[in-house]
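Please open the model in your viewer and keep the sequence panel beside it. The stops below say what to select next and what is to be found there.

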Amino acid sequence: MKLLSVASLAFFVAVFAAESGFAQGRADYLNFESPQIKPMTLVNVGGQDYLLVCNTPNNSLDIYSVGSSGTPVMSRVAQVKTGLEPISVAVKPNPVSGATYVYTCNWIGDSISLISLSAASGSFVARHLRTVPVGDEPMNVAFMPQYPSGYLQALTAPGGQFYDYVIVAFGSS
């Protein structure tokens with residue numbers, strides 16, 4: 001009887017081990033996914049609400065127009081390329097220029113992208129301005145009030161154990 005239970009146990013272990021191998025997919029492909037820190041935010045540009053979404057697998061920021069309270073319909077109005085695998089998005093309006101600046105933290109690209117949003121003459125414009133390397137795996141940004149335009153702090157994770165804050169200068173934008 002003991003031999004039968006050991007054989008049954010061995011059979012179930014073999015079946016479950018084989019099943020878990022199939023769950024991973026092909027043997028020559030291992031799937032790694034970047035962590036989503038703050039992948040979505042709402043912003044108002046020119047009196048219209050927009051939903052900004054990090055499209056991590058596509059290396060882009062997708063921008064959706066959010067309908068008014070009477071028409072809760074969303075439609076994609078723009079897709080802007082960023083660095084590799086954006087995982088976090090932050091918005092900073094610039095009261096001097098009237099533009100709205102969007103920053104994406106690009107996990108695999110080890111960079112932060114700067115995107116300008118504006119609504120001139122009723123038409124929405126999203127434009128990638130630049131991508132700046134900041135160090136290993138940036139996760140989020142914080143704006144520095146003593147530097148109102150062009151400076152921010154980036155939270156990075158070198159080695160995956162500790163966090164570093166780096167100051168990023170984007171010029172006088």
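Begin with the cysteines of this predicted model, for which the count of disulfides comes to zero. Select C54 and C105 and display their sulfur atoms: the closest cysteine sulfur to that of C54 belongs to C105, and at 8.3 Å it is too far for a bond, since a disulfide requires the two sulfur atoms to lie within 2.5 Å. Starting from C105 leads back to the same pair, because the closest cysteine sulfur there is that of C54, again at 8.3 Å. Are these two residues buried or exposed? C54 counts as buried at 8% relative accessibility, and C105 is buried as well, with a relative accessible area of 0%.

Next, select the four strands β1, β2, β3 and β4, which form an open sheet in that order with antiparallel pairing. The edges are held by β1 (40-45) and β4 (74-81), each of which has a single partner strand, so that one side of each is left without a neighbour in the sheet. Looking across the sheet, you will find neighbouring strands turned by 30° against each other on average, direction ignored.

Now narrow the selection to β2 (residues 48-55) and β3, which pair in the antiparallel sense over six bridges. Two of the residue pairs can be picked out directly: L52 has I63 of β3 as its bridge partner, while V53 has D62 of β3 as its own. Where the chain passes from one strand to the other, the hairpin of β2 and β3 has four residues between the strands, and N59 takes a positive phi near 55°.

Stay with β3 and turn to its other neighbour, β4, to which β3 is joined by seven bridges, the two strands running antiparallel. Here Y64 can be selected together with R76 of β4, its bridge partner. Colouring β3 by accessibility will show that five of its seven residues are buried, so the strand is largely enclosed by the rest of the structure.

Within β3 (residues 60-66), select S65. This serine is buried, with a relative accessible area of 17%. What does the side chain of S65 make a polar contact with? The partner is the side chain of Q48, at 3.2 Å. Leaving out residues up to four places away in sequence, S65 touches Q48, D49, Y50, V73, M74, S75 and V77.

From there, move to the largest nonpolar core, which has 13 residues, and show L52, L61, I63, V102 and L117 as sticks, since these touch the most other members. The elements that give two or more residues to this core are β1, β2, β3, β4 and β7 (111-120), and the largest share, three residues, comes from β2. L61 is a useful residue on which to centre the view: leaving aside its neighbours within four places in sequence, L61 is in contact with L52, V53, C54, A78, Q79, V80, T82, V89, V102, T104 and I115.

For the last stop, select A90, Y103, I112 and V141, which are among the nine residues of another core, lying apart from the largest one.

Notes
Residues are numbered from 1 along each chain as its sequence is written. This is a predicted model: local features need pLDDT of at least 70, side-chain atom pairs count only at pLDDT 80 or more; totals for chains, interfaces and linings use all residues. Side-chain values use heavy atoms; hydrogens and water are left out. Buried means under 20% relative accessible area, exposed over 50%, partly exposed in between (1.4 Å probe, protein chains only). A polar contact is a pair of N or O atoms within 3.5 Å; within protein, one must be able to donate a hydrogen and the other to accept it, and residues adjacent in sequence count only if both atoms are side-chain atoms. Contact means heavy atoms within 4.5 Å. Two strands pair if DSSP finds at least two bridges between them. Axes are lines fitted to C-alpha atoms, for helices over the stretch in contact, and angles run from 0 to 180 degrees between N-to-C directions. A nonpolar core is a set of buried Ala, Val, Leu, Ile, Met, Phe, Trp, Tyr and Cys residues joined through side-chain atoms within 4.5 Å.
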